[in-house]
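Student: Could you take me through a close look at the salt bridges in this structure, and at how buried or exposed the residues that form them are? I would like one connected explanation that I can follow with the model in view.

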Amino acid sequence: MQKEKISNSFDKELFKRSVLYNVKTLYRKTLEEAAPQEIFQAVAFAIKDDIVDHWMATQKEYAKKDPKYVYYMSMEFLMGRALGNNLINLQAYKDVKDCLVELGLDINVIEDQEPDAALGNGGLGRLAACFMDSLATLGYPAYGCGIRYHYGMFKQEIRDGYQVEIPDNWLANGNPFELRRPEYAKEVRFGGYVSVHVDENGRNNFKQEGYQCVKAVPYDIPVVGYGNGIVNTLRIWDAEPVQCFELDSFDKGDYQKAVEQENLAKNITEVLYPNDNHYAGKELRLKQQYFFISASVQAAIAKYMKTHADIRKFYEKATFQMNDTHPTVAVAELMRILMDEHYLTWDEAWEVTTKACAYTNHTIMAEALEKWPIELFSRLLPRVYQIIEEINRRFVAAITEKYPNDQEKIRKMAIIYDGQVKMAHLAIAAGYSINGVARLHTEILKKQELKDFYEMMPEKFSNKTNGITQRRFLLHGNPLLADWVTAHIGHEWITDLSKIGKLKVYADDVKSQQEFMNIKYQNKLRLADYIMEHNGIEIDPRSIFDVQVKRLHEYKRQLLNILHVMYLYNQLKDHPDMDFYPRTFIFGAKAAAGYRNAKLTIKLINNVANVINNDASIQGKIKVVFIENYCVSNAEIIFAASDVSEQISTASKEASGTGNMKFMLNGALTLGTMDGANVEIVEEVGEENAFIFGLSSDEVIHFENFGGYDPNEIFNNDADVRRVLMQLINGFYAPNDTELFRPLYNSLLNTQSTSRADTYFILKDFRSYADAQKKVEEAYRKEADWAKSAILNVACSGKFSSDRTIQEYVDEIWHLEKVVLPKVK
C-alpha cells in the first residue's frame with residue numbers, strides 16, 4: 001500500500017524503547033502499571049520525536065528556498081484525532097501497530113484514548129483540516145491560523161431525548177502534539193480611542209490609546225504530509241493576560257484591573273461560537289475574530305521582515321485566504337499595520353492589501369454573511385473602524401463613478417450601511433479573489449446574492465469545488481476498503497485520487513461485487529457494535545443503513561427525513577404484512593445552543609426512535625438511531641458503513657457539502673436534491689447511480705421571489721402528510737406534552753408566524769422524497785446492481801479530493817511553488 005518513503009529509518013526497537021521510556025519518565029510507571037490514556041501519551045510523544053525531525057527539516061528547506069506562504073485563516077479547524085492520521089501520513093501505521101502488538105497493546109484501544117481536537121464544528125472546519133492535509137502532501141508552504149479553544153463548541157449529550165451542551169474539555173490531559181511558542185507572542189488591543197499626531201513631515205500618525213489588551217500566544221501543531229517528509233504548521237492562538245495576576249496588585253489597588261485582564265483573556269479562547277443572541281455574545285465573537293486575525297497578520301509580517309527589507313513587496317511572499325466572513329477583518333488589520341507601524345501611505349498599503357487578501361464564500365444564507373452594529377464595532381476596534389470607513393468611502397465613490405445616481409447600488413454594495421459593517425462586502429471590495437465552493441453555489445452567488453459585485457468586478461470571481469482528503473476518510477477510516485482498492489489498482493490513489501477511476505472495470509465483476517459487499521457488511525458490523533455500546537440499540541447489519549450526519553439546520557432538512565420515517569411507520573402499522581425491506585435510519589448532528597427548532601428536531605428524532613424501536617409489532621423492520629456527539633472520529637466509522645447518503649438540503653441552500661463526498665468515497669449511494677456539490681457528484685457517477693428528488697434551485701428561487709406555494713394545500717389534500725403532521729401535536733410522540741412539537745408544526749404551516757410558511761419546502765418535496773426512498777428499497781433488493789452502483793461511486797470520486805481543490809487554488813489564486821525535501825540517504 002505504501003509508496004517509497006522519504007526515509008526508511010523507522011526503527012522498531014528504538015520506538016519500543018521510546019514508549020517504555022516515556023511511560024517511565026512521564027508517569028513513573030511500568031507499561032503494565034500505566035493507564036490507557038498514559039500509554040496513548042507515551043506513544044504520541046514517541047511519534048512526535050520523529051515528526052519534529054521532519055518539521056525542522058521542512059522549515060530549514062523553506063528558509064533556504066524563501067517560498068511564498070499561504071496563511072489559511074479560519075475560525076474552525078476540525079482536525080479529528082491526530083495520532084492515527086500522523087501515522088498514516090508518516091507511512092508508519094503498520095510498523096507502529098506491529099510494535100504495539102509486541103508490547104501487548106492494541107493500536108485501536110490507544111487511538112480511542114485521544115479526544116477529537118475541539119477546534120471546529122461543521123463542514124467549514126473539516127474543509128480547513130482537509131486543506132491543511134493536502135497542502136502538506138502536495139508540498140506547498142502553509143500556515144493554518146486559528147484559535148486554541150479550551151472547550152470547543154460543546155460536547156453533546158442526549159438526556160431524555162434532548163441535546164444537552166457540556167464543556168468539551170479536550171485539553172484535560174494536554175495535547176501531546178502541540179508546541180507552545182511564547183517567543184512569537186503578540187499583543188492584541190481592544191477599545192480605547194484613537195489619537196492623531198502630526199510628525200515632522202506633516203503626516204498624520206494614528207495611535208490607539210486607553211485600550212485593553214491581551215497577549216496572543218501561539219501553539220503550533222504539526223500537519224504531516226503523506227510520504228514526502230513535509231510538515232506544515234497549524235498555528236492556533238491562546239489568550240493570556242499581558243500582566244500576570246500578581247499579589248502586589250492588591251497593594252497597588254489594581255486588583256480589579258488584574259481580574260479584568262485575566263477574564264478578558266480567559267473568555268476569548270474559552271468556546272467556539274459563543275451564543276450571540278445577546279449583545280455580550282456578539283461582542284465576544286468579534287473579539288475572538290479580531291484576536292486571532294491580528295495575531296496572525298502581525299506574525300506573518302514579522303516573519304517576512306526577518307529576511308526582507310521592503311514591506312511593499314509583502315504580497316510576493318504571503319497570501320491570506322479568508323475562510324468565510326469570520327476572518328475578513330484581516331483586510332483592515334493589514335492596512336492598519338502597514339500604515340501605522342510601517343508608515344506606508346494609504347495607496348501603498350492598499351496595493352499590498354489588495355494583492356494579499358483572498359476570500360472564500362461558503363454560504364448564501366444571509367444569517368452567515370456577518371454584519372456588525374457600528375456602535376459595537378467602532379467601540380471595540382476604533383482604529384480598524386476608521387480604516388473601514390475610509391475603505392467604504394472610496395468604494396462608494398467607485399460605485400458612484402461606475403453607476404451614477406444609483407442609490408440602490410450603494411444600498412446593496414456599501415461596506416457600511418444602515419448602521420452595520422458588512423464583512424463580506426469588505427472582503428469583496430479588497431480581495432483579489434472571491435470564490436464559491438461548488439459550481440452551482442458560485443453561479444447562485446454571481447446571479448443572485450453577489451450579483452452587483454460580480455457585474456462590477458467579474459474578474460475576481462471563480463469556483464473552487466470543495467474536496468476531502470482520501471487519506472483520512474478512506475485510508476484511515478476504512479482500512480478494509482482501502483486495502484481492497486490498493487489490491488486492485490495499486491497505491492497511487494492515496495496521493496492522486498483520480499487514479500481511483502481504474503476501479504470502474506471491476507464494477508461488473510461478480511467476484512469484486514461480492515468482495516465489496518462483504519467489506520461493507522464488515523463495516524456495518526463495526527458500526528452496529530458502536531451503536532450497541534453507545535446507544536444500547538440492536539440494529540440489523542443486513543438492513544439498509546440510511547444515514548444523515550451533519551450540522552443540524554432547518555435548511556439541511558433533518559425534519560423531512562424524520563417525518564418520512566414517521567410516514568413509513570404509519571404504513572407498517574396499517575399494513576403489517578406489506579413487503580418492506582428492513583431499514584436503519586441513522587442521524588448524527590449538533591444544533592447550535594440557541595437554535596430552538598434545531599434542538600426540538602433532535603428531541604423529535606429521539607422520541608420517534610423511542611416509539612418505533614420499542615414497538616415489537618413491526619418486528620424490527622425500522623430502527624432509528626441518533627448518534628450522540630457526532631465528530632470526526634465516529635464519522636469515519638459511520639461513512640464506511642453507510643448504504644445511503646442523505647443529502648437532502650433545500651436546493652440552492654447548501655453551498656457545497658463535503659459529507660456527500662465522504663459517503664461517495666466509501667461506496668454509499670446519494671439520495672439528494674440537486675444542490676451544492678450533489679450536482680457534480682451526479683455528473684461524475686451518473687444519475688442512474690444516485691436517487692435525485694425535489695425542487696430544483698431555480699424552482700426554489702422562483703417560489704421565494706414570486707410566491708405561489710401554500711403548504712396548507714398539501715396538508716389539506718394529502719391524508720398521509722396530514723396524519724404525520726397531526727402526530728406532532730396530538731401526543732403520539734409526546735404523550736406527556738402534546739404541545740412539545742407545536743413549534744415544528746407551526747414552522748411548516750405558518751399558523752402562528754409572520755414568516756413564510758414552510759420556508760425550506762419540506763412538504764413541497766415530501767412526496768418526491770418518499771418516491772425516491774421507494775426506489776432506494778427497490779434498488780437495494782438487487783444486490784449485484786447495488787454493488788455495481790456502489791463500486792462506481794467509489795470509482796467516480798476522484799474529482800472530490802481536496803488535493804485537486806488545493807491545486808486549483810495554487811494554480812489560479814495563490815501561485816505557490818512546490819517544495820521537495822532532499823532524500824535522506
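Tutor: Before we turn to any residue, we need one cut-off: a residue is called buried when its relative accessible area is under 20%, exposed when that area is over 50%, and partly exposed in between. Please also keep in mind that this is a predicted model.

With that cut-off in hand, let us begin with Arg336, which forms a salt bridge with Glu341, their closest N and O atoms lying 3.2 Å apart. Arg336 has a relative accessibility of 11%, and therefore counts as buried, whereas Glu341, at 41% relative accessibility, counts as partly exposed. This salt bridge therefore joins a buried residue, Arg336, to a partly exposed one, Glu341.

Now move along the chain to helix α11, which spans residues 346-356. Here the side chains of Lys355 and Glu351 meet in a salt bridge, with 2.9 Å from N to O. Because Lys355 and Glu351 are four residues apart in this helix, about one helical turn separates them. Lys355 has a relative accessibility of 36% and so counts as partly exposed, and Glu351, with a relative accessible area of 40%, is partly exposed as well.

A related arrangement can be found in helix α13, which covers residues 382-402. The side chains of Arg393 and Glu390 meet there in a salt bridge, at 2.7 Å from N to O. Arg393 and Glu390 are three residues apart in the helix, so they too are separated by about one helical turn.

Salt bridges need not stand as single pairs, however, for Asp546, Asp579, Arg583, Glu777 and Arg781 are joined into one network by salt bridges that share partners. The structure as a whole holds 63 salt bridges, among them the pair Arg336 and Glu341, the pair Lys355 and Glu351, and the pair Arg393 and Glu390.

To set these charged pairs beside the nonpolar part of the model, consider the largest nonpolar core, which has 153 residues, and in which Ile47, Trp493, Ile500, Leu527, Leu563, Ile622 and Leu725 have the most contacts. Helix α21, residues 558-574, gives the largest share of this core, namely ten residues. A second, separate core has 130 residues, including Ala118, Val188, Tyr273 and Ile293. In soluble globular proteins, nonpolar side chains tend to be buried together.

Definitions and conventions: Residues are numbered from 1 along each chain as its sequence is written. This is a predicted model: local features need pLDDT of at least 70, side-chain atom pairs count only at pLDDT 80 or more; totals for chains, interfaces and linings use all residues. Side-chain values use heavy atoms; hydrogens and water are left out. A nonpolar core is a set of buried Ala, Val, Leu, Ile, Met, Phe, Trp, Tyr and Cys residues joined through side-chain atoms within 4.5 Å. Buried means under 20% relative accessible area, exposed over 50%, partly exposed in between (1.4 Å probe, protein chains only). Helices (H or I, at least four residues) and strands (E, at least two) are DSSP runs, numbered from the N terminus. A salt bridge is a side-chain nitrogen of Lys or Arg within 4 Å of a carboxyl oxygen of Asp or Glu.
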